[in-house]
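Let's take a walk through this protein, one helix pairing at a time. Have the model open and turn it as you read.

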Amino acid sequence: MVLDRAKLGELFQKVGQKELDFLTNSGLWFGFLLGLIQMAVALVWDNPWSLSIGGGIVGLATNWLALKWIFEPINPTKIGPFILQGQFLRRQKEVAAEFSKFFADKILS
């Protein structure tokens with residue numbers, strides 16, 4: 001698997017497609033909301049670096065938040081009527097089935 005990186009990439013894309021879609025969509029919406037805040041700061045604070053620094057902060061914040069929602073919390077945590085668990089971990093049985101099917105079809109055959 002390490003020698004054939006294309007197969008490894010195909011595996012991660014197939015198994016984690018829902019999480020990759022979530023990462024893309026959440027980046028769009030979180031980036032938009034945080035970008036509005038960044039725009040307000042740029043209008044008030046007249047510094048040529050404010051957009052560059054703000055863009056870096058927005059990018060880091062959106063990626064950090066989306067990755068936290070995908071992988072944490074590891075164990076299901078009940079808060080009131082809601083049960084919180086990382087999206088990828090919540091689909092563990094489905095991911096294991098897709099993973100084993102990929103290995104059976106593409107690697108072992």
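At what angle do helix 2 and helix 3 pack, and how far apart are their axes? In this predicted model, the angle is about 145 degrees and the axes are 8 Å apart. Helix 2 passes helix 3 in a right-handed crossing. To follow the contact, trace helix 2 through residues including Glu19, Phe22, Leu23, Ser26 and Gly27, and on to Leu34, Gln38 and Ala42. Across from them, helix 3 offers Ser50, Leu51, Gly54, Gly55 and Val58, among others, as well as Trp69 and Ile70. Sort the residues of this contact by class and you get 13 nonpolar, nine polar and one charged.

Now slide over to where helix 1 meets helix 2. Their axes come within 4 Å and cross at roughly 75 degrees, which makes helix 1 roughly perpendicular to helix 2. On the helix 1 side, the contact is made by Phe12, Gln13, Lys14 and Val15, while helix 2 brings Gln17, Glu19 and Leu20. The mix here is three nonpolar, two polar and two charged residues.

Helix 1 has another partner, helix 5, which covers residues 92-107. These two pack at an angle of about 150 degrees, with their axes 10 Å apart, so helix 1 is roughly antiparallel to helix 5. This crossing, too, is right-handed. Look for Lys7, Glu10, Leu11, Lys14 and Val15 in helix 1; they meet Val95, Glu98, Phe99, Phe102, Phe103, Lys106 and Ile107 in helix 5. By class, that contact has seven nonpolar and five charged residues, with no polar ones.

With the helices in place, what about the empty space? Rolling a probe the size of a water molecule over the atoms shows where such space is left. The largest pocket here has a volume of about 200 Å³. Its lining is made of Phe12, Val15, Gly16, Glu19, Leu20, Leu23, Leu67, Ile70, Phe71, Phe88 and Phe99. Helix 1 (5-15), helix 2 (17-44) and helix 3 (50-71) are the elements that each give two or more residues to that lining. Nine of the lining residues are nonpolar, one is polar and one is charged. Some names should ring a bell: Phe12, Val15, Glu19 and Leu20 line the pocket and also take part in the contact between helix 1 and helix 2.

One last stop is a detail of the backbone. Most peptide bonds are trans, but a cis peptide bond joins Glu72 and Pro73, with omega at about -5 degrees. You'll find Pro73 in the loop between helix 3 and strand 1 (77-79).

Key
Residues are numbered from 1 along each chain as its sequence is written. This is a predicted model: local features need pLDDT of at least 70, side-chain atom pairs count only at pLDDT 80 or more; totals for chains, interfaces and linings use all residues. Side-chain values use heavy atoms; hydrogens and water are left out. On a 1 Å grid over the protein atoms alone, a cavity is a set of points where a 1.4 Å probe fits but cannot get out, and a pocket is an open set with protein on both sides within 12 Å along at least five of seven lines; lining residues have an atom within 4 Å of a point. Grid points are joined across faces, edges and corners, and a volume is the space filled by probe spheres set on the points. Ala, Val, Leu, Ile, Met, Phe, Trp, Tyr, Cys and Pro count as nonpolar, Asp, Glu, Lys and Arg as charged, and the others, Gly among them, as polar. Axes are lines fitted to C-alpha atoms, for helices over the stretch in contact, and angles run from 0 to 180 degrees between N-to-C directions. Angles under 35 degrees count as roughly parallel, over 145 as roughly antiparallel, 65 to 115 as roughly perpendicular and the rest as oblique. Contact means heavy atoms within 4.5 Å. A crossing is left-handed if the near helix is turned anticlockwise from the far one by less than a right angle, and right-handed if clockwise.
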